[in-house]
Amino acid sequence: MEPPKEQQNTPEKSISDAPATISSAFPPSGCCTNCGGPTISEAPPPLASFPEMSPPPNYRPIRAPAINLPHNSQAIILSPVPNAEQVPVVSPPYHFQSPVKRIHSPDDIRRFHESASCKNFLGFVVSLSESIRGFKISDPCHISPTVAAIVSILETLLQWIDEIPPAQQSARYGNVSFRSWHERLRERGESLILEFLPEEFKESVIEIVPYFFDSFGNSSRIDYGTGHETNFAAWLYCLARMGIVKEEDYHGLVARVFVKYLELMRKLQMVYCLEPAGSHGVWGLDDYHFLPFIFGSSQLIDHKYMKPKSIHNDDILENFSSEYMYLSCIAFVKKVKKGLFAEHSPLLDDISGVPNWKKVNSGLLKMYRVEVLEKVPIMQHFLFGWLIKWEE
């Protein structure tokens, strides 16, 4: 049946409501050498109409349906939207232990996702997202001594970048001075954390410091990606498990701590030219980050003027990117990538056609679970100890 004419040129499809007919078939030749998964999409199904200009291959004009979803889009579409969960606080006796890697196969991923640890960690991310809903970054929020201490630590790490300038080298990516920065992190990071830990939790450093060290990229590969970002969220989750940060701190964790973390990571990326770790390339949401898109879309839910399509307005990006993380991410992408936005960031372009921010936020939460927490190449580096348990 032919769709109504008013829907042919300006359809509004969301990540969560994308049609179940989206093709996930790929030619056998386009396979990833690491995971065996497809890397090249087949030609998309024809639409009823297009603008007069013929688009180049694998490119969809702005306002086309969200067909540039990852190849396992069906898993995203059909999965339920994650719910916020209260973090269970541990009680003595404490059994802190050095965390280890447990995920090595898709079976391990499935076991992890069926566990209470995974559901609660994802629920914590949703709670952080909800805490910032409708707030600008500059809006007043509760700032506990712990939140202030974490912000101070991140400012110290920012200062180290100025003290360790990039080395002169011909390689475009992977400046070796990042290893010097990371070495200083490992030398001094534990003492920085011990400064704000309550006395009863001093011994927790054996478990929580490895998450912290893995939050800022890999010093051997000189890269950074969503797995490292997830480690930072896991570090905050461990603090919540110990009751060091409480629910009233969540707004501050996003608006002060995570915003400062994002500033730090962008500076590390630019100064030391970090490689993107596990990037989907043009078909990914972003080369390095995922969580700021979740938190940023939550900020904009029910905004009176700004809609998802507002990301194409340069005046809005210039005037409001300092207040809204999602707009900040878009502005940063446009700064570091050249060419048409719809060509270098087709997924973000597709999302701009979603009718409202609530649908964007729920779709991104589903996508985070499938595209980050269910990916063996990413989660094989994730650590499990006593605070984040591996359930046999």
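At 7% relative accessibility, D223 counts as buried in this predicted model, because the cut-off for a buried residue is under 20%. The model is predicted, and its protein chain content comes to 16 helices and 4 strands. Of the 392 residues in the protein, 53% are buried. Among contacts with a separation of 6 or more, 79% join residues 24 or more positions apart.

**D223 and its surroundings**

- D223 is part of strand β2, which covers residues 223-224.
- A polar contact of 2.9 Å links the side chain of D223 to the side chain of R221.
- Setting aside residues up to four places away in sequence, D223 touches G217, N218 and H228, and also L274, E275 and A277.

**S321 and its surroundings**

- S321 sits in the loop that runs between α11 (314-320) and α12.
- With a relative accessibility of 18%, S321 counts as buried, since the cut-off is under 20%.
- The side chain of S321 reaches the backbone oxygen of L317 at 2.8 Å.
- Residues up to four places away in sequence excluded, S321 is in touch with I316, L327, S328 and A331.
- S328 also belongs to the α12 side of the contact between α9 and α12.

**The nonpolar core**

- The largest nonpolar core contains 112 residues.
- W181, W235, L239 and Y326 have the most contacts inside this core.
- Helix α9 (residues 250-272) supplies the largest share of this core, 12 residues.
- Beyond its neighbours within four places in sequence, W235 is in contact with I150, I193, F196, I208, Y211 and F212.
- Of these partners of W235, I208, Y211 and F212 are also listed among the buried residues of α7.

**Packing of α9 against α12**

- Helix α9 and helix α12 (residues 325-336) pack at an angle of about 5 degrees, and their axes are 12 Å apart.
- The two helices are therefore roughly parallel, as angles under 35 degrees count as such.
- On the α9 side, the contact is made by V254, F258, V259, L262, R266, Q269 and M270.
- On the α12 side, M325, S328, C329, F332 and V336 make the contact.
- Sorted by class, the contact of α9 with α12 has 9 nonpolar, 2 polar and 1 charged residues.

**Helix α7**

- Helix α7 spans residues 205-213, and 7 of its 9 residues are buried, so the helix is largely enclosed by the rest of the structure.
- The buried residues of α7 are V205, E207, I208, V209, Y211, F212 and F213.
- These buried residues pack against three helices and a strand, namely α5 (145-163), α6 (177-194), α8 (226-241) and β4 (383-384).

**Helix α10**

- Helix α10 (residues 291-299) is mostly covered, with 9 of its 9 residues buried.
- The buried residues in α10 are L291, P292, F293, I294, F295, G296, S297, S298 and Q299.
- The elements that cover the buried residues of α10 include α4 (116-131), α8, α9 and α12.
- Also included in this cover are α14 (346-351) and α15 (357-373).
- Helix α8 is thus named both in the packing around the buried residues of α7 and in the cover of the buried residues of α10.

Notes. Residues are numbered from 1 along each chain as its sequence is written. This is a predicted model: local features need pLDDT of at least 70, side-chain atom pairs count only at pLDDT 80 or more; totals for chains, interfaces and linings use all residues. Side-chain values use heavy atoms; hydrogens and water are left out. Buried means under 20% relative accessible area, exposed over 50%, partly exposed in between (1.4 Å probe, protein chains only). A polar contact is a pair of N or O atoms within 3.5 Å; within protein, one must be able to donate a hydrogen and the other to accept it, and residues adjacent in sequence count only if both atoms are side-chain atoms. Contact means heavy atoms within 4.5 Å. A nonpolar core is a set of buried Ala, Val, Leu, Ile, Met, Phe, Trp, Tyr and Cys residues joined through side-chain atoms within 4.5 Å. Axes are lines fitted to C-alpha atoms, for helices over the stretch in contact, and angles run from 0 to 180 degrees between N-to-C directions. Angles under 35 degrees count as roughly parallel, over 145 as roughly antiparallel, 65 to 115 as roughly perpendicular and the rest as oblique. Ala, Val, Leu, Ile, Met, Phe, Trp, Tyr, Cys and Pro count as nonpolar, Asp, Glu, Lys and Arg as charged, and the others, Gly among them, as polar.
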